[in-house]
Amino acid sequence: MSILAQEKTVTGTVTDQTGALPGVSVIIKGTNKGVETDFDGKYAIKVNQGAVLVFSFVGLKTIEKRVGSSTAINVKMEEDSSLLDEVVVVAYGTSSKEALTGSVAKIDAESLESRPTANLSAAIEGATPGVVATAASGQPGSGQSIRIRGFGSFSASNAPLYVVDGIPINGDLSNINTNDIETISILKDASSTALYGNKATNGVVLVTTKKGKSQVGEINLNMSTGVVARAIPEYERINAQQYYPVMWEALRNTMAIPGVDSPADLSAANQSATNNIYSVLGYNPFNVPNNNIVGVDGMLNPNASLLYNDFDWEGAITRTGIRRNVDLSYQGRSEKADFYASLGYLKEEGYLINSDYQRITSRINVNYQAKDWLKLGANISGALSEGNQSNIGGTSSFRNPFRFTRGMGPIYPVFAHDPITGEFILDENGNKVYDLDDNRPSGASTGRHVVVERQLDIDFDEITALNLKTFADFRLAEGLNFTTNLSYEEQNRYNTFFWNKTVGDGAPDGLGFKQYVRTSTIGFNQLLNYSKSFGDHNVEVLAGHESQSLTIDDFSGTRRKQIAEGNYELINYVNTTDLVSQRDENNDESYFGRINYNFKNKYYLSSSIRRDGSSRFSKDTRWGTFWSLGGSWSIDREKFMTNVDWVDLLKFRASYGELGNNRGIGYYPHLALFQLDNNNLSEPGIVRSSLGAPDLLWETSANFDIALEFELFTRRLRGSVEYYNKESQNLIFDVPVAFSDGADSKRENIGTLFNRGVEVSLSYDIIKKENFNWTLNINAATLKNEFTELPQEEIINGTKKIKVGKGLFDYWIRDWYGVDPEDGSGLFVAEDPTATGVRTINGVAVTPFSNNARFHYAGSAIPDLTGSISNSIEYKGFGLTTLFTYQIGGESLDSNYAGIMESGGYGTAKSVDILNRWQQPGDVTDVPRMDAALSSQWSGTSDRWLTDASFLNLRQVNLSYNFKPEMIERIGLTGLRMYMSAENLFSINARKGLNVQQQFNGNTSNIYTPSRIITLGLNLKL
C-alpha cells in the first residue's frame, strides 16, 4: 500500500539586493507547473512535500529549494556575472541571449556613463564587428554617421534606423542624454530586424532608457568638467623663409626652365622673377627691399629677417574649449510603481572660436501596476539646446575656416603692421587692427579675413524637442497580453544666420537669414503577445499593428542691406531676396507578426513577417511584404557534450530574410512634381522638376546570416564567428530621359548590389582573480561590396565609376605616371598616344596635360579589415578601460593634401613635401617642378593623391576609482566614483593632418576636424 504525499500551498517572497523581485519564475522541478512572483515579489504554489522548487530570473543565479515541513520559503537571489548580459532588447520586446536566432550586439549603461559624449552615436563605434563610423565633427553636439554591414543602396539612405523605447525617431540623436540610456542594441541581420520591415535593410539601433529599480530609492549625481582641443593636427607646411624662394621658382619656371631653355633665357627669367615676385605675392614681411627678397640664384636674401611673425591664422581662430556636464537622476520602486526622473545640463565650447553647444534635458519614466491585469506607463523627455554653429560652408568656400587657414601662405599676417618697422598698427583704443587690406593674391583668399568673419558672422541654432510615449498593458489571460503604445515626437529648430557688412559674403550691406523647421511624428501601435509551454515545447507569438505619421514644416527668408547694427531680425533689412515655405508629409501603416519556438531550450526557431504601406509610393505599389526565418541550436546542451567540461556554450545559428528600404528617396517619388518660385517679375512661373514614377518599388535586401557562438574554459574565452551575405535588389536609379520630357531623369528600380563578409569577435579574461581582472576584447570584420546589375553599362559618380563587377566606392580617376626627370613635368598615362604633347618614357605613352590623361580603376575606399581592440582592467577599486579602433587597407583621396602640393597657386600654403620638387635635369622625384602656368594640370584629381587609409586610433580611455562602501557610508553615500576620461587621444595613419574617417567614400574636404576631449568626473549615489 502506497501513501501519496499530501499537496500543500507554499508561499514566500523573492528579493534581490534592491528589494522585492517581481517576475521570478518558480517551477516545480521535473514538471511544467509553475508561477511567477507578483509585483511585490510574492508567490504561492501548490506542491507536494519533498518536491524541489526552481527559482530563476534572467541575469541572476538559479536557486533550488526542497520543500520540507514548512509552508514558507523565502529566497534572496544574487547576480550571476556570467549571465549579466543575457537580457537583450529586440524588436518589440526583450529576449534572453540564449534564445536569439539573430545577430544582436549590446552596449550597456556602464560603458556610457563616464564618456564625454553629447550624441549617442559616438558610443556605437567599436562596439561590434561589421559596424563602421565616420569621425565625429569637432562641432559640439554633433554625432557620427554609422553603417552596419556595408552599403546597400546607391541613391537611397544607407543609415540605420534608430528606435528609442520601441518608437522609431525622426529628431536629432543629440536630444537624448546618454546618461538616461540603459542599453543600446545593434540589430544586424534579418532575423533581428525584419519586424521593422520597410526601414530595416540598413540595420536597426534600439535605445532603451532607464527606469526605476531600487526598492529604497536612489539619487545619482554625475559631474564632470574637461577641456576640448583639436585631435588631428594640421598638415606640415613650409615657413615664410622657405615660401618666397619656392614661389619665386614657380614664377621663374613660367618663363624659362633649367636645362630646357637657353642660359640667356633662364638668366632673364631669373632676373624677372626676382624683380616681380613681390608684386605677385603682395606682401613683404622681411627687412629687405621688395625687389631683393630673393636673389637671381633663387635663394632668399641672406640679410632677410622677419619684421614680424604674425602668421598663425590657425592659432587666431582656435582655443582650448571647456566642457561642463551635470546629470542628476532619481529612481526607485514601490509596491505598485517604478519611476525614474532626470535632469541634465551640458555646455561645451568647441576648439574653433564662436562654436559651442548648450543643452538641458529632462526625463520622467513612470510605470504603474494599476490592477493585477493592467499596467500603465508614461515616458516623457524634453530637450532645450542652443549653439553657435561653425558655419563651415562648402569645402572650397572662402568662409570655410579650415580651408582658409590651411591654404593661407605663411607670409600673410593676421593683423596690420607698419611696413617699415613691422610694429602692430593700433586703433584709437590701443587695440591691434586686423589686416583687411585687399593686397593678397587670389590663392590667399583676397578680400576675406577668417578671424573677423568668425567674430562677426552668426550661425545660431535653437532647438526644442519633446518626446512622449505612453502605454497600457492588459493581461487578458495567463500568457496572453495586449499592449497599446501611443507616441508623439516634436522638434522645433530655429536658425539665425548673418553675414557681416565689414568683410566677406555679406559686405558691404549685410545679409540676414531666418529658418524655422518643425518636425512632428505621431506613432501608434498595438501588440498582442502570447506565450505558452507544453512540456518541453515553448511558444511565443506576437501580432501587431503600427502607424506613423510624419509632418515637416519649413519656413525661411533671406534679406539684404542691414539697417541698424546688432539687430538680426528680418525687419531690420531693406531688400527681400528669398522667402519660401514648404510642408512635407509621410505616412506609414504596418501589420506584423512573429513566432518564436524552442524545444527543451535547445532548439530555437523564429519567424516573422511584416506588411508595410508607405505614402512614398503610388497606390498600386504602396504595400510591401518583408519576412525572416531564423534558427539556432544550443549544441552544448546535447548529451554528447556532457563530458566536454571545457565547453560552457556552443551555439550555431542561421537566418534568412527580405527587408526593405524606403528612406532617402524623398517623400513623393511616385508623383510628377512642378517647381514654383520661377516667376518673371510679377508674372508667375512654374517648371517641371521631376517626372512621376508610379511603378517605383521598394528597394529590398535579401539577407543570409550564419554564425557560431562559443564560451569556453569556464566562460573565460567567449566569442563568435559569423558570415553574412546581403543582396540589395530593386535599387533606385535616376535613369536619363529625353529633354523633351521636361526633366533630366526618371527614377526606376534597376540594379542589384551585394555586401558580404566575415565577422569575428573574441573576448578573453587574461586575469580572473578576486581583486584583479583583465579582459581583452578583439573584433574584426571584412566587407566585399559589388554590383551585379545596373541600368546602364557604367555610371560616373564623382571620383567613382559604378559598373557591374565593381563596388560602390571604387575609384575611377586619372592615371598618374610620375615626374619626367628631364624637365620636371608632371605626367599622366596618355589616353590618346597620338595627341599633342605626348611623350614616351620606358615604353609608356605619357602626357603632361590632364585633359588627355587616361582614367582607370585605382583601388577602393572600402578597407580589407575593420575592427576594434578594447581592454578592461579592474584592480581592487580601480578600473581602466581602453578602446582602439583600426582599419587595414582601403584608400583615401586626400584632396586637402593635393591643395597644398599645387605647383603654383600664388598665395597658397605649401606642404613641406614641396621641398622635394624637381629643380634641375636628372632629379628623380615624385614632385613636379614649380610652375604656376601648369600647376592646375598636375594638381588635378588623380591617383597621385590616393593614400593608404589604414589607421589605428586610441578612441577612448577611462580611468576610475570606486571608493569602498565602508569609506563612504559615514557620509551618507551608497556609492562614490572618481574618473578621468579621454576621447580621440591619437591616430596613427599614413600622413599627418589626414582625417581618414571623414567620409565612407574616401573623399576628404575642409571640415571641422574631430575634437580631443579630456574630462575629470565624480559620480555619487545616495
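The questions and answers below concern the overall form and the aromatic pairs of a predicted model.

Q: What radius of gyration does the protein chain have, and which value does the globule rule give for 1022 residues?
A: The protein chain has nine helices and 54 strands. Its compactness is that of a globular protein of that length, because the radius of gyration is close to the value from the globule rule. The two values are 33 Å for the protein chain and 31 Å for the rule.

Q: Which geometry, stacked, tilted or edge-to-face, describes the rings of Y283 and Y412?
A: The structure holds 34 aromatic pairs, and in this one the ring centres of Y283 and Y412 lie 5.3 Å apart with the planes at 80°. Planes over 60 degrees apart count as edge-to-face, so the pair of Y283 and Y412 is edge-to-face.

Q: How many residues apart in sequence are the parts that Y283 and Y412 tie together?
A: Y283 and Y412 are both buried. Y283 lies in the loop between α3 (263-281) and α4 (313-317), while Y412 lies in the loop between α5 (401-407) and α6 (450-456). The pair therefore ties together parts whose separation in sequence is 129 residues.

Q: Is Y568 buried or partly exposed?
A: Y568 forms a tilted aromatic pair with F498, at 4.9 Å centre to centre and with 55° between the planes. F498, in strand β24 (residues 480-499), counts as buried at 5% relative accessibility. Buried means under 20% relative accessible area, and Y568, at 28% relative accessibility, therefore counts as partly exposed.

Definitions and conventions: Residues numbered from 1 in each chain as written. Predicted model: local features only at pLDDT ≥ 70, side-chain atom pairs only at ≥ 80, totals over all residues. Heavy atoms only, no water. Helix = DSSP H or I, 4+ residues; strand = E, 2+ residues; numbered from the N terminus. Rg over C-alpha atoms; globule rule 2.2 N^0.38 Å. Phe/Tyr/Trp six-rings, centres within 6.5 Å; stacked < 30°, edge-to-face > 60°. Buried < 20%, exposed > 50% of the residue type's maximum accessible area, 1.4 Å probe, protein only.
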